[in-house]
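Colleague: I'd like to go through this one with you and ask how each label was earned. Can you pull it up?

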Amino acid sequence: MKCVRCKKKAKILLKRHNAAFCNDCFLYYYANQVNRNIRRHKMFDRNDKILVVVSGGKDSMALWDVLAKEGYNVVAMYINLGIGEYSNRSQEVVERFAQQKGLELIVKDIKKEYGLDIYVLAKTLKRSTCSVCGSIKRYLFNKVAYDGGFSVVATGHNLDDEAATLLGNLLSWEEGYLARQSPVLEKTHPKLVKKVKPLYTLTERENLYYVLLNRIEFLHEECPHATGARSILYKEVLNRLEEESPGTKHRFISGFLEKGRKHFQDVAEKLELKECKTCGQVTTTEECSFCRFIKVCNQQER
Ligand code: SF4
Ligand code: ZN
């Protein structure tokens with residue numbers, strides 16, 4: 001098997017592209033894909049101040065590294081969500097990387113800074129841990145970016161994540177989520193910061209290969225709440241389809257973006273956006289869920 005670019009011995013085969021690469025050419029291909037996604041969707045340019053959200057996992061570590069190497073103006077943000085030892089270990093990974101590479105990192109600790117506990121919230125509000133966690137993360141992504149004068153928030157969502165999310169949303173016809181499924185979410189309110197996913201065409205396997213080749217430390221374990229999540233089942237089903245027909249995930253996503261998403265746009269436009277009466281961040285209710293969460297946790301402590 002020869003590298004399609006330099007004809008040396010290939011090390012990785014990407015069936016969906018019908019291409020194999022040696023290690024050097026794989027890194028060239030990887031950076032090329034990221035830059036192409038950024039340009040094609042006008043995500044940002046080298047003048048933008050970019051907040052990269054990192055969890056310590058392979059995808060976000062790969063994103064942080066590739067954007068920094070490609071000369072973008074990036075600052076990373078890590079949120080300690082208080083998920084036991086998992087959170088502590090992931091925080092250590094991102095802090096070590098920032099220190100080794102001399103990169104800027106913002107750390108937010110929801111317990112220390114806001115008194116929030118996702119387990120107390122999930123139990124009191126009868127919501128799943130992931131749903132509470134997701135609301136907190138979305139709030140902080142925007143708030144930290146807005147307050148810090150960032151023009152864009154970048155996350156490490158990969159092709160497998162995007163395809164699994166799309167499948168889940170289609171199976172239950174979640175129109176609102178379908179309207180918002182995109183590698184770029186433009187700001188629809190002066191206080192909302194644009195969100196982008198530069199790795200949306202790269203697979204988990206490609207991100208893993210990237211961090212291994214660059215010897216980037218990452219947390220191998222998943223969040224303990226990820227096990228049993230529906231998205232894992234969707235990923236398994238899609239992997240089976242991809243095996244039989246390479247390129248399925250990419251066709252699924254790109255087809256939806258080109259032909260499907262526009263049919264859900266009016267759902268997104270109907271959402272009335274307000275400013276939270278307590279913190280001023282954008283919400284669809286009088287008071288945002290984050291501010292309500294703080295009250296719930298304060299009451300439980302009393
Ligand atoms: Fe949060 Fe873990 Fe659920 Fe992800 S899997 S939303 S990090 S609780
Ligand atoms: Zn609020």
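What follows is a chat about how the labels on this predicted model come from the values behind them.

Colleague: Let's start with the metal. What makes the residues around the zinc ion (ligand 2) count as its donors?

Modeller: Distance. A sulfur atom counts if it lies within 2.8 Å of the metal. The SG atoms of Cys-276, Cys-279, Cys-288 and Cys-291 sit at 2.2 to 2.3 Å from the zinc ion (ligand 2), so they pass that cut-off.

Colleague: And why is the site of the zinc ion (ligand 2) called tetrahedral?

Modeller: With four donors, the label applies if all angles lie between 85 and 135 degrees. The angles among the four donor atoms here are 106 to 114°, so the site of the zinc ion (ligand 2) is tetrahedral. In sequence, the donor residues follow the spacing C-x2-C-x8-C-x2-C. Cys-276 comes from the loop between strand E9 (274–275) and strand E10 (282–283), while Cys-291 belongs to helix H13 (residues 289–301), 15 residues apart. Both Cys-276 and Cys-291 are buried.

Colleague: On to the sheet. What makes E5 and E7 edge strands?

Modeller: The open sheet has six strands in the order E5-E4-E3-E6-E8-E7, with mixed pairing. Strand E5 (105–109) and strand E7 (184–185) each have a single partner strand, so one side of each has no neighbour in the sheet.

Colleague: How do you know that E4 and E5 really pair?

Modeller: Pairing takes at least two bridges. Strand E4 (residues 73–80) and E5 share five bridges, in the parallel sense, so they qualify. Ile-79 stands opposite Lys-108 in E5. Helix H3 (residues 84–101) packs on the sheet there, touching E4 and E5, and its direction makes about 160° with that of E4.

Colleague: Which helix lies across E3, E4, E5, E6 and E8?

Modeller: That's helix H6 (residues 129–147), running at about 140° to E4. H6 also matters for the core count: the largest nonpolar core has 90 residues, and its largest share, eight residues, comes from H6. Nonpolar side chains do tend to be buried together in soluble globular proteins.

Colleague: Which residues have the most contacts inside that core?

Modeller: Tyr-30, Trp-64, Leu-67 and Ile-136. Leaving aside neighbours within four places in sequence, Ile-136 touches Leu-81, Ile-110, Leu-116, Ile-118, Leu-121, Phe-290 and Phe-293.

Colleague: Now the loops. Why is Lys-126 called exposed?

Modeller: Exposed means over 50% relative accessible area. Lys-126 has 75% relative accessibility, so it counts as exposed. Lys-126 is in the loop between helix H5 (118–125) and H6, and its phi is near 55°, a positive value in a residue other than glycine.

Colleague: What about Arg-215, buried or exposed?

Modeller: Exposed, because its relative accessibility is 78%. Arg-215 sits in the loop between helix H9 (204–213) and helix H10 (230–244). Its phi is positive too, about 50°, although Arg-215 is not a glycine.

Colleague: Then why does Pro-183 count as buried?

Modeller: The cut-off for buried is under 20%. Pro-183 has a relative accessible area of 4%, so it is buried, even though it lies in the loop between helix H8 (175–180) and E7. Leaving aside neighbours within four places in sequence, Pro-183 is in contact with His-41, Met-43, Lys-195, Val-196, Lys-197, Tyr-200 and Leu-257.

Notes:
Residues numbered from 1 in each chain as written. Chains lettered and ligands numbered in written order. Predicted model: local features only at pLDDT ≥ 70, side-chain atom pairs only at ≥ 80, totals over all residues. Heavy atoms only, no water. Donors = N, O, S within 2.8 Å, 3.2 Å for Na, K, Ca; no water. Tetrahedral: all angles 85-135°; square planar, octahedral: opposite > 155°, others 65-115°. Helix = DSSP H or I, 4+ residues; strand = E, 2+ residues; numbered from the N terminus. Buried < 20%, exposed > 50% of the residue type's maximum accessible area, 1.4 Å probe, protein only. Contact = heavy atoms within 4.5 Å. Axes fitted to C-alpha atoms, helices over the stretch in contact; angles between N-to-C directions. Core = buried A, V, L, I, M, F, W, Y, C linked by side-chain atoms within 4.5 Å.
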